[in-house]
Amino acid sequence: MDHGAGAGSGGGMGAGIGRGLGAGLGEGFRSAFRAEFDKQGLEVGRFNLALFGKTGVGKSTLLNAVFGEQVADTGIGRPVTMDSHLHIDRYGGHLGILDTRGLEVGKDSSRLLKELDGVMKHARSQPLSEHLHVAWYCVRGMDRRFEDSEADFIKRLVALGLPVVLVLTQVPMRDGVYHPDALALAASILERDLPVVDRRAYLTQAAPDPFTGAPAHGLHDLLDATFRCVPDGVATALVAAQAIDGARKVRAARRAIRTAVSSAGTAAAVPIPFSDAALLVPIQLAMMARISHVYGISMERSAIMSTIATTAATQGGRAAVTGLLKMVPGAGSVVGGAIGAGVAGTFTYAMGTAWQSVCERAAAGQLSVDGVLDDERGRAAFLEAFRRGAQEKG
């Protein structure tokens, strides 16, 4: 590789990309990242869940188990319409939970359904992120009864256009076998031929049983059923909001990487003189911001992490990305200061896979000490994953 005109000098390849992603050395990069983060947040949207069931069935525990600790206690919402008791509490931008604010199925069913009808009609003129997408109707698995008023409520929810997933909560399981009372209750409910999703009940235990030591169960099946119901336009929001299916987050991140690699290759194939290679930067920023949303990394934390990542290979004051580019197979064959589609695609792929790795580890708390991001650990994690991605793609 010719480092004289490329990686080492102030012009050509190093300077071009250095003026772009290498600007991570300053606040300008973080500002650009924040702007792209907001844009990607709007594109990802928000998944809105309506949660119903009588008091004591464990709705809050179920929410916290699927969407993360303390979700049910931390939402901020406002009335959906001026005269409504119903609220959609918002969590991290991509999850909304309908809050009935004291109205209960049975006692207040008529009022609930009337207000829900108003909410659904109002939503038709709003963006998809303002709609209600799915309802979970929860019944405690060991209650041994299901009332006519509950069956009627479910039918009327479906008539309003809301898919309903029937969830039995707090269902004991031993050696892979559900408690027979819960199975009997599920069978008796299904005999009513209710129009619930998949024509079945999803039996769950949201938290491990401290007495028997039995683990939580049924949450992934419930989540899978929910994904089958949601509109395509908010599926990524549900991926971002849920906290139990890492494989779905990986697939969503890889889709963002593939999109960016394709765009980068097309842009570079023009060809773009490398002095103008900053045109690739918005593609990579969009990719990084979207992956941040998928893993639930906040804007400020993502901006800090992105600065750490893009300065990972800084040496002797040279542009940060110059050091990274040296790891990309074929970058040394660039002639006349132009970047080829292959180099652009490989570089973008390596950036994406490295950023995904950092976000995944940050979300799992592996890059923090006492809740504070460890710069050196984050830098090393990014650099290791970038090198691996460049070799894999190259």
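## Exercises on helix packing and aromatic contacts

Of the 394 residues in the protein chain, 51% are buried, where buried means under 20% relative accessible area, computed with a 1.4 Å probe on protein chains only. The model is predicted, with local features needing pLDDT of at least 70 and side-chain atom pairs counting only at pLDDT 80 or more, while totals for chains, interfaces and linings use all residues. Residues are numbered from 1 along each chain as its sequence is written, and side-chain values use heavy atoms, with hydrogens and water left out.

**Exercise 1.** Describe how helix 4 and helix 5 are arranged, and state which residues make the contact.

*Solution.* Two packed helices are described by the angle between their axes and the distance between the axes. Helices here are DSSP runs of H or I with at least four residues, and strands are runs of E with at least two, numbered from the N terminus. The axes, lines fitted to C-alpha atoms over the stretch in contact, with angles running from 0 to 180 degrees between N-to-C directions, come within 11 Å for helix 4 (residues 109-123) and helix 5 (residues 148-159), and they cross at roughly 10 degrees. Helix 4 is therefore roughly parallel to helix 5, a class that covers angles under 35 degrees. Next, the contact (heavy atoms within 4.5 Å) involves Ser109, Leu112, Leu113 and Leu116 of helix 4, together with Phe153, Arg156 and Leu157 of helix 5.

**Exercise 2.** Classify the ring pairs that tyrosine 137 makes with phenylalanine 146 and with phenylalanine 153, and place these residues in their surroundings.

*Solution.* Rings of Phe, Tyr and Trp (its six-membered ring) pair if their centres lie within 6.5 Å, and planes under 30 degrees apart count as stacked, over 60 as edge-to-face and the rest as tilted. For tyrosine 137 and phenylalanine 146, the centres are 6.5 Å apart and the planes stand at 90 degrees, so the pair is edge-to-face. For tyrosine 137 and phenylalanine 153, the centres are 6.2 Å apart and the planes stand at 50 degrees, so that pair is tilted. The tilted pair links distant parts of the chain, with tyrosine 137 in strand 4 (residues 134-140) and phenylalanine 153 in helix 5, 16 residues apart. Tyrosine 137 is buried at a relative accessible area of 0%, and phenylalanine 153 is buried at 1% relative accessibility. Finally, Phe52, Tyr137, Phe146 and Phe153 form one aromatic cluster.

Technical notes: Angles under 35 degrees count as roughly parallel, over 145 as roughly antiparallel, 65 to 115 as roughly perpendicular and the rest as oblique. Buried means under 20% relative accessible area, exposed over 50%, partly exposed in between (1.4 Å probe, protein chains only).
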